[in-house]
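Okay, everyone, thanks for coming. Let me put the structure up, and then I'll talk you through the charged residues.

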Amino acid sequence: MTSDDPAPSLVTIDGIEGHLARVELPDGTTEDWALANLPAGVREGDVVRLHVEGGDLEMEIDHAETARRRQGAQAQLDALNRPSVVGEEIDL
């Protein structure tokens, strides 16, 4: 791989409003990107894979990573909503 073709990176679509998408970058910061510049059909919560190939930026929705993150978030939410057992200590 050359310096012109760095490893793909992932961004997350944090929100969509009008013609803009709030995108969470790998460093945790967010930027507003034009929705028209993102892959067709992108939705909130989608993970988008960015890859530079020969100087051109390519983007595609990473459906497997999106599903993995959604399942992880749902598991955490389910754990938080699980009724506590009487006498169980809450670990804050």
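So, Glu24 sits in strand 2, which covers residues 20–24. This is a predicted model, by the way. Is Glu24 buried, partly exposed or exposed? Its relative accessible area is 32%, so Glu24 counts as partly exposed. And Glu24 has company: together with Glu17, Asp27, Glu31 and Asp32, it makes up a patch of negative charge on the surface.

Let me step back to the whole chain for a moment. We have five strands and one helix, and going from the N terminus the order is β-β-β-β-β-α. There are 92 residues, and 23% of them count as buried. About 6,900 Å² of the chain is exposed, with 51% of that coming from carbon and sulfur atoms.

Now, salt bridges. How many are there? The count is five, and I'll go through some of them.

Take Arg70 and Asp46: they form a salt bridge, and their closest N and O atoms are 3.5 Å apart. Arg70 is in helix 1, while Asp46 is in the loop between strand 3 and strand 4, so this pair ties together parts that are 24 residues apart in sequence. Asp46 is buried, at 5% relative accessible area, whereas Arg70 is partly exposed at 33%.

Next up is Asp62, which pairs with Arg49; here the closest N and O atoms are 2.5 Å apart. Asp62 is in the loop between strand 5 and helix 1, and Arg49 is in strand 4, so the pair links parts 13 residues apart in sequence. What else does Asp62 touch, if we skip its neighbours within four places in sequence? Besides Arg49, Asp62 is in contact with Leu10, Val47 and Val48. At 13% relative accessible area, Asp62 is buried, because the cut-off for that is under 20%. Its partner Arg49 comes out at 27%, so Arg49 is partly exposed.

The last pair stays within the helix. Glu65 and Arg69 are both in helix 1, four residues apart, which is about one turn. They form a salt bridge too, with the closest N and O atoms at 2.7 Å. Glu65 is buried at 14%, and Arg69 is partly exposed at 34%. Arg68 joins in as well: Glu65, Arg68 and Arg69 are linked in a network of salt bridges.

One more thing, on contacts. Counting those with a separation of 6 or more, 38% are between residues 24 or more positions apart. Okay, that's me done; over to you.

Terms used. Residues are numbered from 1 along each chain as its sequence is written. This is a predicted model: local features need pLDDT of at least 70, side-chain atom pairs count only at pLDDT 80 or more; totals for chains, interfaces and linings use all residues. Side-chain values use heavy atoms; hydrogens and water are left out. Buried means under 20% relative accessible area, exposed over 50%, partly exposed in between (1.4 Å probe, protein chains only). Contact means heavy atoms within 4.5 Å. Helices (H or I, at least four residues) and strands (E, at least two) are DSSP runs, numbered from the N terminus. Accessible areas come from the Shrake-Rupley method with a 1.4 Å probe; for residues, only the protein chains shown count as cover. Patches are made of residues with over 30% relative accessible area and no salt bridge: like charges are joined within 9 Å, nonpolar side chains (Val, Leu, Ile, Met, Phe, Trp, Tyr) within 5 Å. A salt bridge is a side-chain nitrogen of Lys or Arg within 4 Å of a carboxyl oxygen of Asp or Glu. Lys and Arg count as positive and Asp and Glu as negative; His and the chain ends are not counted. The place of a charge is taken as NZ of Lys, CZ of Arg, CG of Asp or CD of Glu.
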